[in-house]
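Please look over the following model, and keep in mind as you read that it is predicted. The briefing after it deals with two topics, the nonpolar cores and an annotated site.

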Amino acid sequence: MKKGVFITIEGPEGAGKTTIIELLMEKLNSEGYPAISTREPGGIEIAEKIRSVILDKENKAMDARTEALLYAAARRQHLVERVLPAINNGYIVICDRFIDSSLAYQGYARGLGIDEVYAINQFAIEEMMPDVTLYFDIDPKIGLERINQDKGREINRLDLESFEFHRKVREGYHLLCKRFPNRIIEIDASQSIEAVYEHVANEVLRVI
């Protein structure tokens, strides 16, 4: 059986990942590709429970290292329970966030160190890395405005961080783009949904 493809979608808050993933899945399914979409943290029962702890607005006392470890724990369970079985069965897996989120958010924006957080996650994921990562780049001011305008979106603990934190997240992603140029493809997420989707769809079809 042909091995599947692991594609991750990254970006700061309000980048529009969820909308584009929904459109992408419609296209892949309509064209007969075996594909599933999932998310981090979450995707399976145990990881969703960890997600609720991480993103709970009441958990203001959470230490940055605790946060990083919880993400890695959720990632491990999600990987072995959902991602790897699907890939081994020939599926295209589209995942909303993966290791790069931890590197940008906890490693860079929280100041824990990209290499330090990478080491934690190497234990969690072993050698499993995405075949390609699509990074949705957007000015945090625009991203946060989108969140505030979306009345149906649940506001979580990370949404309430300072503007400086969100600026650092974007800066962290830019560093990762330079560090992993062969894996990460930057997408201008400030464009229209149609333009972003077309760029993403073309990149995904090229990979698969």
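**Nonpolar cores**

In this predicted model, the largest nonpolar core has 39 residues, and the members that touch the most other members are F6, V93, L103, Y105, Y173 and L176. The elements that each supply at least two residues of this core are α2 (45–55), α3 (64–88), β3 (92–96), α4 (99–109), α5 (114–125) and α7 (163–179).

- Among the contributors to this core, α3 gives the most, with 9 residues.
- Leaving aside residues up to four places away in sequence, F6 touches V83, I87, V93, C95, F98, M128, M129, P130, D131 and V132.
- Another core, of 22 residues, lies apart from the largest one, and its members include I7, I20, L24 and I94.

**The annotated site**

- According to the unreviewed UniProt entry, the annotation "binding site" covers G11, P12, E13, G14, A15, G16, K17 and T18.
- From this set, P12, E13, G14, A15, G16, K17 and T18 are taken into the lining of the largest pocket.

**P12 and E13**

- P12 has its place in the loop between β1 (5–10) and α1 (17–30), and E13 is likewise placed in the loop between β1 and α1.
- P12 counts as buried because its relative accessible area is 6%, which is under the 20% cut-off.
- E13 is also buried, with a relative accessible area of 8%.
- Not counting residues up to four places away in sequence, P12 touches R97, Y105, Y135, F136, I138, V169 and Y173.
- On the same count, E13 touches R97, Y105, G143, L144, I147, R153, L158, D159 and H166.

Note on methods
Residues are numbered from 1 along each chain as its sequence is written. This is a predicted model: local features need pLDDT of at least 70, side-chain atom pairs count only at pLDDT 80 or more; totals for chains, interfaces and linings use all residues. Side-chain values use heavy atoms; hydrogens and water are left out. UniProt positions are given in the numbering used here, feature names are shortened, and annotations may be inferred rather than shown by experiment. On a 1 Å grid over the protein atoms alone, a cavity is a set of points where a 1.4 Å probe fits but cannot get out, and a pocket is an open set with protein on both sides within 12 Å along at least five of seven lines; lining residues have an atom within 4 Å of a point. Helices (H or I, at least four residues) and strands (E, at least two) are DSSP runs, numbered from the N terminus. Buried means under 20% relative accessible area, exposed over 50%, partly exposed in between (1.4 Å probe, protein chains only). Contact means heavy atoms within 4.5 Å. A nonpolar core is a set of buried Ala, Val, Leu, Ile, Met, Phe, Trp, Tyr and Cys residues joined through side-chain atoms within 4.5 Å.
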